[in-house]
Amino acid sequence: MQADGKVVDGSLLGDANGVEPAPGRVKDSGKWQKPRFSRKALMKCCLVKWIIASTQPQDKDSGDSDLELSTVRHQPEGLDQLQAQTKFTRKELQSLYRGFKNECPSGMVDEDTFKTIYSQFFPQGDATTYAHFLFNAFDIDRNGSIRFEDFVIGLSVLLRGSVTEKLNWAFNLYDINKDGYITKEEMLAIMKSIYDMMGRYTYPCVRDEAPYEHVDKFFQKMDKNRDGVVTIEEFIDTCQKDENIMNSMQLFENVI
């Protein structure tokens with residue numbers, strides 16, 4: 001299911017033994033090309049749609065040259081610095097910040113807000129656990145709240161980052177306890193949270209055993225030295241060399 005509530009093909013969830021190319025990838029001369037995210041694609045992101053929907057109409061033509069800082073508890077860094085740190089344009093950052101400020105006047109977003117966002121975009125599933133894991137991946141300081149800077153830097157990586165940058169971010173998501181390793185239990189927890197949110201409402205229907213089967217196959221491929229954990233090097237190397245696993249990673253671009 002996409003963020004707009006439409007049913008999507010179950011193949012979007014990927015298969016360790018082979019699937020059709022994920023949306024956004026184009027096969028050219030036998031090589032898979034990294035998808036390029038247009039403004040239209042950017043607007044499909046749940047978090048971006050949440051932010052933009054909150055933008056006041058009167059703000060649209062604002063001529064402000066920098067972020068409005070006077071009314072927020074946490075004051076973000078200047079636009080120039082954020083533009084240098086992300087792949088968003090100045091105008092995109094202004095729009096994102098206005099919406100962020102409207103929804104989060106304090107300048108910080110908490111976990112309950114993430115849960116509310118995803119329950120609205122995926123009303124037929126249970127998005128609570130996935131929203132919890134996603135929030136923790138954005139919460140770099142581990143203090144229970146996300147600053148605007150961390151929010152847009154994370155979005156920039158997910159939407160416009162390089163393959164390696166996205167895989168590093170995905171590893172951080174899977175590494176639930178942030179010890180630098182992914183266990184099979186952690187991978188299963190993330191996979192189950194995604195299936196709980198959207199897997200049951202895909203077409204064709206996804207079997208209850210599917211998350212366990214995916215994790216078994218993926219983990220076997222990634223844990224090259226059979227020590228029971230996956231390192232960042234093993235994760236990135238396996239994903240970059242295995243088309244089927246890389247295709248499955250496209251799932252995150254449909255549920256952020």
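Select Gly-154, Val-157, Leu-158 and Leu-159 in helix H7, then add Glu-165, Lys-166 and Trp-169 in helix H8; these two groups meet where the helices touch. The model on screen is a predicted one. Colour the contact by residue class: four residues are nonpolar, one is polar and two are charged.

Now show H7 and H8 whole. H7 covers residues 148-160, and its axis lies 8 Å from that of H8, at an angle of about 120°. Two packed helices are described by the angle between their axes and the distance between the axes. At about 120°, H7 is therefore oblique to H8. The crossing of this pair is left-handed.

Keep H8 (residues 163-174) and swap H7 for helix H6 (residues 128-138). The axes of H6 and H8 come within 9 Å and cross at roughly 125°. H6 and H8 are therefore oblique to each other, and their crossing is right-handed. For the residues in this contact, pick Phe-133, Leu-134, Ala-137 and Phe-138 on H6, and Trp-169, Asn-172 and Leu-173 on H8. By class, six of them are nonpolar, one is polar and none is charged. Trp-169 appears here in the contact with H6, and it also takes part in the contact with H7.

Stay on H6 and select Asn-136. Is this residue buried or exposed? Its relative accessible area is 16%, under the 20% cut-off, so Asn-136 is buried. Apart from neighbours within four places in sequence, Asn-136 is in contact with Glu-111, Arg-142 and Lys-178.

Next, look at the largest nonpolar core, which has 63 residues. Which of its members touch the most others? They are Leu-47, Phe-114, Tyr-118, Phe-138, Phe-151 and Phe-235. Phe-138 was already selected, as part of the H6 side of the contact with H8. Helix H9 (residues 184-198) gives the most to this core, with eight residues. In soluble globular proteins, nonpolar side chains tend to be buried together.

Finish on H9 by selecting Met-191. Its relative accessibility is 4%, so Met-191 counts as buried. Show its contacts, leaving out residues up to four places away in sequence: Met-191 touches Tyr-174, Pro-211, His-214, Val-215 and Phe-218. Then draw a line between the C-alpha atoms of Met-191 and Tyr-130. How far apart are these two residues in sequence and in space? Met-191 and Tyr-130 are 61 residues apart in sequence and 8.9 Å apart in space.

Note on methods: Residues are numbered from 1 along each chain as its sequence is written. This is a predicted model: local features need pLDDT of at least 70, side-chain atom pairs count only at pLDDT 80 or more; totals for chains, interfaces and linings use all residues. Side-chain values use heavy atoms; hydrogens and water are left out. Axes are lines fitted to C-alpha atoms, for helices over the stretch in contact, and angles run from 0 to 180 degrees between N-to-C directions. Helices (H or I, at least four residues) and strands (E, at least two) are DSSP runs, numbered from the N terminus. Angles under 35 degrees count as roughly parallel, over 145 as roughly antiparallel, 65 to 115 as roughly perpendicular and the rest as oblique. A crossing is left-handed if the near helix is turned anticlockwise from the far one by less than a right angle, and right-handed if clockwise. Contact means heavy atoms within 4.5 Å. Ala, Val, Leu, Ile, Met, Phe, Trp, Tyr, Cys and Pro count as nonpolar, Asp, Glu, Lys and Arg as charged, and the others, Gly among them, as polar. A nonpolar core is a set of buried Ala, Val, Leu, Ile, Met, Phe, Trp, Tyr and Cys residues joined through side-chain atoms within 4.5 Å. Buried means under 20% relative accessible area, exposed over 50%, partly exposed in between (1.4 Å probe, protein chains only).
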